[in-house]
Amino acid sequence: MLHETLITQYLDEQQVEYHLLVQSKPTTTIEDTAQERGIDPAQMVKCILLRDMGGQLALACVPGDRSVDPKKVRSALKCRRMTCVSLNEVESITGFKIGTVAPLKLKSSLPILFDPSLLQQKIVTISSGHNMIGVAINCEALIKLCSPAIVPLCRVQD
């Protein structure tokens, strides 16, 4: 396969249908990425790596047009203060560079949390592990593959 990545290999092994969303140019924002891939930002699964004061890690996943509320992650995991992991640690923990983290094939075993609003999308998009290629996948199939806890995670919108 021309655009094979760790994620697409895994999806192929699991016999899960997906299609690639190949970009023609690099992007740096959710909005630009969605536009380049021809999708709605709400379909994008944004993955944020957090750590509590005791070192417990969690991957919080919300729609691309929303933000994670660390207090809600803390409440869901019943732990103290959650903060985003520093950018230079993300790859060593997940195995993926910033902007290419998906809730599949993570280097470290950690809880994965999905905001229930992701379930409103029949098709969602995740990173392929490559910054120029997204993966469109059935939301139910993704949930079966990564077995996330479904808990409210989004900041209240203004």
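**Exercise 1.** In this predicted model, find where D65 lies along the chain, and decide whether D65 is buried, partly exposed or exposed.

*Solution.* Begin with the elements on either side of the residue: D65 sits in the loop that runs between β3 (57–63) and α3 (70–77). Next, take the relative accessible area of D65, which is 40%. Because buried means under 20% and exposed means over 50%, with partly exposed in between, D65 belongs to the partly exposed class. Finally, look at the surface around this residue, where D65 gathers with E31, D32 and D40 in a patch of negative charge.

**Exercise 2.** Determine how many salt bridges the model contains, and state which side chains meet in them.

*Solution.* As a starting point, side chains of opposite charge can pair when their charged atoms come close. The cut-off needed here is a nitrogen of Lys or Arg within 4 Å of a carboxyl oxygen of Asp or Glu, and by this rule the count is two salt bridges.

One of them joins E89 and R51, with 3.2 Å from N to O. This pair links distant parts of the chain, since E89 belongs to helix α4 (residues 87–94) and R51 to strand β2 (residues 45–52), 38 residues apart. E89 is partly exposed at 27% relative accessible area, and R51 also counts as partly exposed, at 25%.

The side chains of K97 and E91 form another salt bridge, at 3.5 Å from N to O. Here K97 is exposed, with a relative accessible area of 53%, whereas E91 is partly exposed, with 37%.

Methods:
Residues are numbered from 1 along each chain as its sequence is written. This is a predicted model: local features need pLDDT of at least 70, side-chain atom pairs count only at pLDDT 80 or more; totals for chains, interfaces and linings use all residues. Side-chain values use heavy atoms; hydrogens and water are left out. Patches are made of residues with over 30% relative accessible area and no salt bridge: like charges are joined within 9 Å, nonpolar side chains (Val, Leu, Ile, Met, Phe, Trp, Tyr) within 5 Å. Accessible areas come from the Shrake-Rupley method with a 1.4 Å probe; for residues, only the protein chains shown count as cover. Lys and Arg count as positive and Asp and Glu as negative; His and the chain ends are not counted. The place of a charge is taken as NZ of Lys, CZ of Arg, CG of Asp or CD of Glu. Helices (H or I, at least four residues) and strands (E, at least two) are DSSP runs, numbered from the N terminus. Buried means under 20% relative accessible area, exposed over 50%, partly exposed in between (1.4 Å probe, protein chains only).
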